[in-house]
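User: Please walk me through the backbone geometry of this model, and then take a close look at any enclosed space. A connected account would be lovely.

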Amino acid sequence: GMLRGKVVYLNLFFSFRIRKEGKDNIPEHPYLYETDVEISLVGGSCKSPVEKFWNGSSAMYILQKATHNKESDSMEESRTDDDVYASEVLPKETPGALALSVGRAKQLISLYTMVQNPNMSNVGMSDLVVLPPLWARCDGCDPQHTCWIGAEPLKAGNKVTGLNICTVSCDGPTADKTRFANLEELKMEHKIRHHSSVVTTKGFAQYELITAAAIEDTIVESGSNICVDITWNGVEKILETPPLISAATLNIALESGDPRSPVFQLYRELQFLLALAEGVRTGVTEWPEPSESESALKLVQEFLTDLKKKLDGDYIFGNKDETEKIKCDTAAVDSCIKSIFGERGDLDFTEQLWCKMKSECVSSYQELIDCFTLVIKSLEHGEIQPWIHQGSSSFLSQLIQQSYHGKMEDVSLSDITPIQMLLEIGLEKMKKDYVSFFIGEPGTCSLLFQDYFISTSVDLQEQVQRVQKLHHMLEIMVSCTGLLQFRHENLFPLTQICMKYYKENPLNEKHVFQLPITPALVKKFYQNDNPEVWKVEISSGHGQKEIKTTWQVSTNAPVEHGTANNSGFFSDSTVNGSSEERLYFITLTQCSQVQFT
């Protein structure tokens, strides 16, 4: 009777939640079950706490020990503290405190199993809904060091036919290879446990490339990471190096602005452009500290004097390099990206003016006004007749075109006008810089540029954001060329992937771009290296009846709540032998099936 009451209560609880939340609506807060268990529905953009060892459905229930026993009707009332939800589903401070005992977790999984069983109509299962999977955090105090137990419904159409029950146990970190499993023993154990005569094996390895390729002692802590995921069939031994016939995917997450990047000067130029855009938007501009170099006003004055001499015909050509060169070490970089390191050879008047006034030089609003006043006076007096690119649409370009005909409108250099004038010429110049790189790459679809990245039909702020996207794409290309020695045939598909993403999404330097590659392309970076993750999946059966055993090692802890001070978890962290040896966490996931039909 008591069990029946529990099942009915749990069933009502789950189906109530499903009806209230609807299929796609993830609730904001966890709910209390009995007095000791907290149930959260995790999904959507929220990171799954089991993703490091389980690829499954997007939405799932997470069960853990309740941390706030509030006396409230848990089915009706939700928490008021908005921060509680995220912090408790993905614990930060004392995650160990949230784990349930293995016995309690098994009891809850049993109740969930009954709730899902269509044959249990006597416990109130008239309105059957297929529930999301359920995972319970465990404290690892049992002999197997169980850290999670999960249950996933098996479905035929919208009918539940059974459940897949998974137990995840963790050990380590250890450098003692004798504690690693033996593949033949794992296969034999799987065969005996699941009464199967045939098993197949699949391998997975992840290697970090950005650190492997970087120069000693220059690793900068950042959100940048280039790693390769490799999968293959037919694993022969634990920790084997993936064969060259594997399938590989390069994962690239890159934050712009690494001072060692060959395009760092361009990044700084972009930062100044962003400061101007912010100035136009808010009316407040952050001016850079005055630098050691000459003032912008002096540079602009010299530049205008040179142009006057040209017009008067007494200019001596060739005594001065018109365009400033950006000094970079391009040795390791493919020739196709060299064009970006020096200024383009075809800078027009407004672009050269930008080069004189950009961040190292202009240090105040007043100096900006003084520079533009000089330029406008020279134009009005017909002292210069500068050349500008066809199609240039900045306000200054319009004034220059008017000056050709001797009729210029009055310009009031006040408020945000001078900042907007400088922003416009910088924006045009930088767009041309990026385009010259990407279109300089043979075969890059220039049409993609014409209609999106360099469009002038959107407002200035949006144009600036699109230039930021171009810069992020360029940093990715440069990294793959410099670090991984990619050639054009590899860069081209990567460019397409980045462009497609950025035509549909806002700037996101945390985004992981994925490029399918052949392992041979990056083999030299991983063949002598230790993997971040190495995993073997042993499986038997087909379709819904397929059942898996997974053994993996990883350099990062696969569970956040495993750092609790209990005897079972992660106990041995001694390093045997050389200090160079990597410490690995060992995770074993074993499944069994409950069939209802």
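**Backbone and enclosed space**

Analyst: Pro173 sits in strand S6, residues 159–174 (strands are DSSP runs of E, at least two residues, and helices runs of H or I, at least four, numbered from the N terminus). This is a predicted model, with local features needing pLDDT of at least 70 and side-chain atom pairs 80 or more, while totals for chains, interfaces and linings use all residues. Numbering starts from 1 along each chain as its sequence is written, and side-chain values use heavy atoms, without hydrogens or water.

The peptide bond leading from Gly172 into Pro173 is cis, with omega near 5°. Most peptide bonds are trans, and most residues other than glycine have a negative phi. Asp415, though not a glycine, has a positive phi of about 55°; its place is the loop between helix H10 (395–404) and helix H11 (417–440). Asp415 counts as exposed because its relative accessibility is 62% (exposed is over 50%, buried under 20%, partly exposed in between, with a 1.4 Å probe and protein chains only). Gln485 likewise has a positive phi, near 50°, in the loop between helix H13 (460–482) and helix H14 (488–504). At 34% relative accessible area, Gln485 is partly exposed.

Now for the enclosed space: there are six cavities of 30 Å³ or more (a cavity is a set of points on a 1 Å grid over the protein atoms alone where a 1.4 Å probe fits but cannot get out; lining residues have an atom within 4 Å of a point). The second largest holds about 50 Å³, a volume being the space filled by probe spheres set on points joined across faces, edges and corners. Helix H8 (349–357) and H11 each give two or more residues to its lining, and H11 gives the most, with four. Among the lining residues are Asp348, His389, Ile425 and Lys432.

Conventions:
On a 1 Å grid over the protein atoms alone, a cavity is a set of points where a 1.4 Å probe fits but cannot get out, and a pocket is an open set with protein on both sides within 12 Å along at least five of seven lines; lining residues have an atom within 4 Å of a point.
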